[in-house]
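Q: Please take a close look at one part of this protein for me. I would like to know what surrounds its second largest pocket.

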Amino acid sequence: MERDLLAKLLVNLAKPGDGSMFTAAQLIEGFESVLANLEDSVIDAPKAAEFLGQLFGKIIAEKIVPLGEVERSLGDYEK
């Protein structure tokens with residue numbers, strides 16, 4: 001439930017328009033920060049990667065960030 005609310009919050013804060021609190025680029029920058037620490041986070045929260053994937057899915061589905069931009073960000077952290 002809380003994860004769904006977080007996804008909705010991020011989408012609404014980043015929706016293009018006059019009321020936007022931050023840009024898609026800023027959202028991606030935040031996700032990149034999370035990705036940089038994901039390996040450590042998974043130790044404490046084994047489903048952290050799954051939850052992050054759900055957030056990515058929501059921002060892509062809502063057309064906040066294009067799939068290619070998310071793919072580029074993920075590619076930077078592939079092993």
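A: **A pocket, a core and a loop**

Start with Lys 63: this residue is exposed, because its relative accessible area is 70%, over the 50% cut-off. The model is a predicted one. Lys 63 sits in the loop that joins helix 4 to helix 5 (67-75). Its backbone stands out too. Lys 63 is not a glycine, yet its phi is positive, at about 60°.

Now for the pocket. The second largest pocket has a volume of about 150 Å³. Which residues line the second largest pocket? From the early part of the chain come Arg 3, Asp 4, Leu 6, Ala 7 and Lys 8. Further along, the lining takes in Ala 48, Phe 51, Leu 52, Gln 54, Leu 55 and Lys 58. Two helices each supply at least two of the lining residues: helix 1 (2-14) and helix 4 (48-61). Helix 4 gives the most, with six residues. What about chemical character? The lining divides into six nonpolar residues, one polar and four charged.

Pick out one lining residue, Ala 7. Ala 7 has its place in helix 1. Is Ala 7 buried or exposed? Ala 7 counts as buried because its relative accessible area is 8%, under the 20% cut-off. Beyond its neighbours within four places in sequence, Ala 7 is in contact with Leu 55 and Lys 58. Both of these partners also line the second largest pocket. Ala 24 makes a useful distance check. Ala 7 and Ala 24 are 17 residues apart in sequence, and their C-alpha atoms are 14 Å apart in space.

Next, the nonpolar core. In soluble globular proteins, nonpolar side chains tend to be buried together. Here the largest nonpolar core holds 17 residues. Leu 27, Phe 31, Phe 56, Ile 59, Ile 64 and Val 65 touch the most other members. Helix 1, helix 2 (24-36) and helix 4 each give two or more residues to this core. The largest share, five residues, comes from helix 4. Helix 4 also gives the most to the lining of the second largest pocket.

Finish with Val 65, one of those core residues. Set aside its neighbours within four places in sequence. Val 65 is then in contact with Ala 24, Leu 27, Ile 28, Ile 59, Ile 60 and Val 70. Among these partners, Leu 27 and Ile 59 are, like Val 65, listed with the core members that touch the most others.

Notes. Residues numbered from 1 in each chain as written. Predicted model: local features only at pLDDT ≥ 70, side-chain atom pairs only at ≥ 80, totals over all residues. Heavy atoms only, no water. 1 Å grid on protein atoms, 1.4 Å probe; cavity = no way out; pocket = protein on both sides within 12 Å on 5 of 7 lines; lining within 4 Å. Points joined across faces, edges and corners; volume = space filled by probe spheres on them. Helix = DSSP H or I, 4+ residues; strand = E, 2+ residues; numbered from the N terminus. Nonpolar A, V, L, I, M, F, W, Y, C, P; charged D, E, K, R; others polar. Core = buried A, V, L, I, M, F, W, Y, C linked by side-chain atoms within 4.5 Å. Buried < 20%, exposed > 50% of the residue type's maximum accessible area, 1.4 Å probe, protein only. Contact = heavy atoms within 4.5 Å.
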